[in-house]
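Biologist: I'd like a close look at one part of this protein, with each term explained as we meet it. Could you take me through that part step by step?

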Amino acid sequence: MTSLKILITSLLLITSISTSGKVTVEQAVRLESELTPVGATRVGDAQNGIPKWQDVSQIDLNEQPLFTITHDNYQQHVEHLTAGQIALFKTYPQTFMMHIYPSHRTFAAPDWVYANTKKNAVTAELNQPQTGILNASGGIPFPIPQSALEVYFNHVARWRGLQLVNHASDANVGEDGGFQLTSRESLIRFDYYLQDNPNPNRLFSMISKTTAPATRSGNAGLVLEPLDQFQEARSAWTWDKGRRRVTRAPNFSYDQPISTANALRTADDTDMVNGSPDRFDWQLLPARTVYIPYNNTALASRSLKYADILQAGHLNPEHTRYEMHRVWVIRATLKSTWRHLYSQRDFYLDADSWSVAIADQYDKQGQLYRVSMAYLQQDPQMPGTFPVVTVFHDLNGRKYHAMGLQNEAPKANVYDAEVAKDNLFTPNGLKRYAQ
């Protein structure tokens with residue numbers, strides 16, 4: 001039996017045992033044997049070129065691709081492609097391609113995250129409306145998930161460090177390949193992973209200021225992000241440099257368009273998906289093996305300029321890397337009682353890190369029209385998996401939004417073990433930070 005079949009069989013057995021979220025102590029022991037410490041299948045899959053997990057394998061950046069998928073041969077590989085990737089081959093038949101490299105399971109996290117994950121396995125539950133998490137902190141909440149929403153919250157609450165100081169730029173790329181940049185400096189404290197987190201419903205606290213273009217430079221924002229955004233709305237404030245005043249921001253959520261992204265990204269597209277899941281019905285689809293963006297260290301090179309990476313239609317494929325990996329697949333279908341830009345959303349999560357790597361989004365007529373991809377890499381400073389850049393494609397408009405570029409940033413990511421105090425994440429703290 002292949003390892004993929006073993007994974008699917010395990011999922012079916014787990015689902016038949018319980019529907020409450022938490023598993024027994026006996027089941028949690030599997031995180032020390034056939035499963036990795038965060039719940040992925042530990043053994044490899046020789047048939048599909050997936051190695052066993054070894055708690056950080058090193059990769060050779062000079063590796064050559066095994067082969068390249070193009071418009072001319074993608075039909076030979078549809079078993080391992082998503083609908084969105086196929087659409088990109090069809091939309092850009094002359095230029096879109098995927099260089100497929102040997103697979104490396106590089107995800108790793110600190111031991112204390114593994115220990116907390118094992119604790120969560122036997123205590124964590126979805127709350128009654130299934131819009132948040134109970135009895136979990138400091139690790140993956142549902143390493144042995146039994147439902148699509150548990151998989152969803154594994155992504156939302158995945159390990160990304162204790163605190164991140166980030167300098168990055170977002171680009172809106174037109175049909176002709178021309179682009180406009182917005183640059184920012186951000187500090188994100190991941191409260192869910194703090195040992196002394198006083199608020200069990202706080203996912204993260206973020207403060208950020210714009211550094212370019214000049215017309216926006218100096219403006220700043222503060223966000224307090226709850227885990228359960230159905231029962232507690234996201235809180236946000238903005239600092240207007242011109243008026244020198246902090247004001248409460250409206251609650252951006254669901255499909256509200258992000259103006260700085262030229263409406264190519266909705267509020268709940270950020271981080272591939274976020275916020276309350278209450279407006280959709282969620283379904284756990286069969287696990288798959290898919291070519292996903294992975295180990296994109298070369299794409300993060302500071303020797304590259306943004307003009308080297310951004311081209312008409314999509315990122316320059318000469319700088320991107322794809323590997324075969326196991327993925328969880330969850331589908332969100334819009335409830336008939338709600339309106340949303342998307343009628344259906346399919347998410348493909350890297351089984352090792354719980355990061356959504358690909359999202360396929362369908363319009364109100366059920367037609368695929370947006371495709372998002374997170375170009376993941378293992379950052380040894382964290383350590384953990386973090387996207388080099390996240391790209392949101394509009395297939396109809398033939399344009400895209402690239403979020404999180406750092407190649408020309410003044411500083412690389414800094415992951416702080418000593419985190420910022422609570423008084424920074426207040427309106428007065430925002431004023432001080434912005435000035």
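Where does Asn135 lie, and what comes before and after the loop that holds it?

Modeller: Happy to! Before we start, please note that this is a predicted model, in which local features need pLDDT of at least 70 and side-chain atom pairs count only at pLDDT 80 or more, while totals for chains, interfaces and linings use all residues. Residues are numbered from 1 along each chain as its sequence is written, and side-chain values use heavy atoms, with hydrogens and water left out.

Asn135 lies in the loop between strand S4 (133-134) and helix H5. Helices (H or I, at least four residues) and strands (E, at least two) are DSSP runs, numbered from the N terminus. The phi angle of Asn135 is near 60 degrees, which is positive even though the residue is not glycine. Most residues other than glycine have a negative phi, and most peptide bonds are trans.

Now follow the loop into H5. Here nine of the nine residues are buried, so the helix is largely enclosed by the rest of the structure. "Buried" means under 20% relative accessible area, "exposed" over 50%, and "partly exposed" in between, using a 1.4 Å probe on protein chains only. Among the buried residues of H5 are Leu149, Val151, Tyr152 and Phe153.

Two of those names belong to aromatic residues, which brings us to ring pairs. A pair of aromatic rings is described by the distance of the centres and the angle of the planes. Rings of Phe, Tyr and Trp (its six-membered ring) pair if their centres lie within 6.5 Å; planes under 30 degrees apart are stacked, over 60 edge-to-face, and the rest tilted. By this rule the model has 16 aromatic pairs. In one of them, the rings of Trp159 and Tyr193 are edge-to-face, because their centres are 5.1 Å apart and their planes meet at 70 degrees. This pair links distant parts of the chain: Trp159 sits in the loop between H5 (148-156) and strand S5 (163-173), while Tyr193, 34 residues away, sits in the loop between strands S6 (179-189) and S7 (202-212). Trp159 is buried, at 4% relative accessible area, and Tyr193 is buried at 4% too.

Another pair, Trp282 with Phe347, is stacked, with 6.2 Å from centre to centre and 15 degrees between the planes. Since Trp282 belongs to strand S11 (residues 280-293) and Phe347 to strand S15 (residues 344-350), the pair ties together parts that are 65 residues apart in sequence. Phe347 is buried, with a relative accessible area of 0%, and Trp282 is buried at 19%. These two rings also bring us back to the helix: Tyr152, Phe153, Phe280, Trp282 and Phe347 form one aromatic cluster.

Some of the cluster faces an enclosed space as well. On a 1 Å grid over the protein atoms alone, a cavity is a set of points where a 1.4 Å probe fits but cannot get out, and its lining residues have an atom within 4 Å of a point. The second largest cavity is lined by residues including Tyr152, Phe280 and Trp282, together with Tyr254, Asp268 and Arg345. Its volume is about 50 Å³, where volume means the space filled by probe spheres set on the points, which are joined across faces, edges and corners.

Tyr254, one of the lining residues, has a charged companion. Arg279 lies over its ring face, 3.5 Å from the ring centre. The rule asks for NZ of Lys or CZ of Arg within 6 Å of the ring centre and within 35 degrees of the ring normal.

Finally, let's visit the loop between strand S10 (245-248) and S11, which holds Asp269. This residue is buried, at 1% relative accessible area. Its side chain makes a polar contact of 2.7 Å with the side chain of Tyr342. A polar contact is a pair of N or O atoms within 3.5 Å, one able to donate a hydrogen and the other to accept it; residues adjacent in sequence count only if both atoms are side-chain atoms. Ala263 is found in the loop between S10 and S11 as well, but it is partly exposed, at 35%. Like the asparagine you asked about, Ala263 has a positive phi near 60 degrees.

Definitions and conventions: On a 1 Å grid over the protein atoms alone, a cavity is a set of points where a 1.4 Å probe fits but cannot get out, and a pocket is an open set with protein on both sides within 12 Å along at least five of seven lines; lining residues have an atom within 4 Å of a point.
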